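Here's a quick briefing to read with the model open on your screen. Let's start with one serine and work outward from there.

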Amino acid sequence: MTELFSSKWKFDHLLPSCKGKLTVITVAAHFNERVDPKKRRDKVYIGCGAGFGGDRPMAALKLLQSVKQLNYLVLECLAERTLADRFQTMSVGGDGYDSRMHPPGAQEKVLEIATTLGLNVSVAVAYEVSVRESGMAALSRLLGGSNSSTKKPYIMEGVRICTYLGAAPIVECLEKYQPNVIITSRVADAALFLAPMVYELGWNWDNLELLAQGSLAGHLLECGCQLTGGYFMHPGDKYRDISFQSLLDQSLPYAEISFDGKICVAKAEGSGGILNFRTCGQQLLYEVGDPAAYVTPDVVIDIRDVSFQSLSSHKVLCGRANPSPESVPGKLLRLVPKDCGWKGWGEVSYGGHECVKRARAAEFLVRSWMEEVVPGVNHNILSYIIGLDSLKTASISDDPSSWRTSEDIRLRMDGLFELKDHAVQFTKEFIALYTNGPAGGGGVSTGHKKEVILEKQLVGREHVFWQTGLKCSKVADSITQEVTREENLLKTDVVHEPLSLPEASLNICSVDCSSKEIGLSSAPSGQKIPLYTVCHSRSGDKGNDLNFSMIPHFPLDFERLKMIITPRWVKDVVSTLLNTSSFPDSDAINKRDQWVNEHVKVEIYEVRGIHSLNVVVRNILDGGVNCSRRIDRHGKSISDLILSQQVVLP
């Protein structure tokens with residue numbers, strides 16, 4: 001698995017000192033201050049080239065072509081699901097990685113391509129390793145001052161560990177190697193972007209205010225186009241109704257960061273999509289727990305007072321991220337794989353007259369057949385009807401007349417079992433619907449697989465090691481340009497005056513430039529209205545926990561919104577996510593509500609800078625993305641479950 005970013009220096013620049021491979025091992029026990037850090041630029045430009053492993057490479061190319069001043073391009077390619085798939089492959093004897101998604105393997109692939117194209121490229125890697133127990137003497141030798149690779153016998157690659165590293169390994173690569181490309185193992189998203197800021201702007205690890213601002217920029221950029229209109233367009237919501245063509249032409253984001261911590265996020269001029277207070281607000285709270293203590297490996301930041309001001313249609317000024325009182329985490333987050341059973345699933349479609357009743361009959365039969373063969377496993381099976389209630393964003397009643405609008409539906413049943421035999425048996429019973437089920441069932445598909453979850457652990461920095469190294473493409477010396485890094489920077493750097501705006505200007509950040517065109521006004525009181533007319537939202541997941549933002553369209557509605565959005569209200573709304581069937585009886589509903597009251601916890605945080613709420617719901621995602629039986633494993637669609645609720649504002 002790989003996180004990748006490239007410094008946008010000329011690819012025909014090869015470090016004269018790069019001969020073969022260099023290797024360094026480092027322990028993350030504590031932050032050593034950088035000795036006399038050099039300010040190489042007054043301002044650095046960092047772009048996001050990918051927000052996840054499946055992002056569009058063409059979008060990254062367009063950003064590079066449109067924004068000439070970019071110095072770095074970051075491609076964030078890892079997620080918990082990616083890691084779980086890797087560990088699962090390893091559990092059955094595979095390598096556990098695609099050679100292109102493993103730092104040394106990816107390094108070789110980049111060099112192979114560069115050599116084929118006749119390019120001189122230096123590629124560094126930084127990835128976590130574990131140290132074999134060879135006694136204190138061996139460990140002491142390992143951590144000695146030598147930068148040679150003679151200590152390699154004491155190192156084994158970290159194939160069963162995955163700790164979120166901070167910016168330090170990348171900064172180390174930049175300082176030691178000045179490479180064109182750096183490929184890493186799992187690094188915290190914001191830290192990928194923070195590293196070049198630390199290196200270029202002369203920041204040190206104890207400049208906590210600067211690290212907080214830099215981490216804010218990284219957090220905003222990390223999900224790519226989600227900042228610039230992606231995952232935002234929503235027809236029917238006048239505040240988010242973006243044309244198809246505008247969405248097609250949207251730009252990946254980039255940031256300009258000054259040495260004094262002033263940051264702007266931006267998109268390419270003339271591009272589509274949208275970048276404004278709303279898109280920034282949604283991304284600010286995406287996958288955030290307590291906004292007073294957003295933990296990264298480098299700094300714990302307080303984003304409650306963060307504010308945004310649109311400077312133009314393509315640039316937003318961001319400010320007021322602060323270090324939290326406990327500003328540097330003493331431990332790092334580590335993910336450890338653990339088997340969680342076997343998944344078995346099946347789908348079948350029904351259409352036309354009374355199709356919902358036939359799907360209900362099919363569910364009844366499969367559950368009954370399973371009970372005959374494997375008594376007591378029905379509680380492991382979840383079912384829902386795609387086209388009716390699979391996302392739980394609309395309620396259904398027991399009145400069959402309410403089902404008749406659905407004439408093209410698909411029943412899905414999904415079980416998580418302890419034994420493989422039970423998962424296989426479930427698929428067999430489901431397939432039997434072809435000859436034993438209701439009429440007209442078609443398009444049956446089934447499957448089973450082993451599932452792995454990633455348990456979270458906190459580990460002391462003294463137990464975390466990373467390895468760095470450098471390799472260069474082998475191109476004939478006759479075409480190598482011996483250019484020093486300093487000379488190259490002079491050719492590519494653009495000097496700008498530091499951005500300076502009155503402090504008071506950030507106080508009006510909630511009044512977005514585009515709101516004047518829409519005719520912004522406060523939501524009506526004393527009548528039932530859908531919540532989407534009051535606010536907008538984005539949901540995110542962290543393991544089995546959900547968070548969703550509630551950002552009022554009109555800032556003065558914030559106080560009224562707080563009176564409605566209570567823990568009890570949230571529990572009542574999300575409890576439907578835990579239904580095991582589309583048609584629960586009263587006993588099932590009572591058991592569900594009891595479980596919700598005992599296990600589901602709701603935390604509601606105020607985010608003053610953008611006049612918004614961040615709602616965190618614990619233990620609601622059916623185990624999380626790696627083992628959930630829901631069709632929406634991440635809980636991405638839950639924001640629409642929230643916004644579709646009818647409310648009465650005081």
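Ser390 is buried, because its relative accessible area is 10%, below the 20% cut-off for that label. Keep in mind that this is a predicted model. The serine sits in the loop that runs between β17 (381–386) and β18 (408–417).

**Around Ser390**

- Leaving out residues up to four places away in sequence, Ser390 touches Tyr384, Ile385, Arg630 and Ile631.

**The protein as a whole**

- You're looking at a protein of 650 residues, and 55% of them count as buried.
- Its secondary structure comes to 18 helices and 27 strands.
- Take the contacts in the protein with a separation of 6 or more: 80% of them are between residues 24 or more positions apart.

**Helix α5 against helix α6**

- Helix α5 covers residues 168–177 and helix α6 covers residues 189–201; their axes come within 8 Å and cross at roughly 40°.
- That angle is over 35 degrees and under 65, so α5 and α6 are oblique to each other.
- As for handedness, α5 passes α6 in a right-handed crossing.
- On the α5 side, the contact is made by Ile170, Val171, Leu174 and Glu175.
- On the α6 side, Ala191, Leu192, Ala195, Pro196, Val198 and Tyr199 do the job.
- Sorted by class, the residues of this α5 and α6 contact are nine nonpolar, no polar and one charged.

**Helix α6 against helix α7**

- α6 also packs with helix α7 (residues 208–221), at an angle of about 135° and with the axes 7 Å apart.
- The angle falls between 115 and 145 degrees, so α6 and α7 are oblique to each other as well.
- The crossing of α6 and α7 is right-handed.
- From α6, the residues that meet α7 are Ala190, Phe193, Leu194, Met197 and Val198.
- Their partners in α7 are Leu211, Gly214, Ser215, Ala217, Gly218, His219 and Leu221.
- The contact of α6 with α7 has eight nonpolar residues, four polar ones and no charged ones.
- Val198 is worth clicking on: it's listed in the contact of α6 with α5, and it's also listed in the contact of α6 with α7.

**Salt bridges**

- Side chains of opposite charge can pair when their charged atoms come close.
- The count for this model comes to 32 salt bridges.
- One of them joins Glu128 and Arg334, whose closest N and O atoms are 3.1 Å apart.
- Glu128 lies in strand β5 (residues 122–131) and Arg334 in strand β16 (residues 331–351), so this pair ties together parts that are 206 residues apart in sequence.
- Are Glu128 and Arg334 buried or exposed? Both Glu128 and Arg334 are buried.
- Arg240 and Asp237 also meet through their side chains in a salt bridge, at 3.0 Å from N to O, and both of these residues are buried.
- Arg412 pairs with Asp414 in another salt bridge, at 3.1 Å from N to O.
- Both Arg412 and Asp414 are buried too.
- Which residues are linked with Arg412 and Asp414 in a network of salt bridges? Glu347 and Arg410 join them in that network.

Note on methods: Residues numbered from 1 in each chain as written. Predicted model: local features only at pLDDT ≥ 70, side-chain atom pairs only at ≥ 80, totals over all residues. Heavy atoms only, no water. Axes fitted to C-alpha atoms, helices over the stretch in contact; angles between N-to-C directions. Helix = DSSP H or I, 4+ residues; strand = E, 2+ residues; numbered from the N terminus. Left-handed = near helix turned anticlockwise from the far one by under 90°. Contact = heavy atoms within 4.5 Å. Nonpolar A, V, L, I, M, F, W, Y, C, P; charged D, E, K, R; others polar. Salt bridge = Lys/Arg side-chain N within 4 Å of Asp/Glu carboxyl O. Buried < 20%, exposed > 50% of the residue type's maximum accessible area, 1.4 Å probe, protein only.
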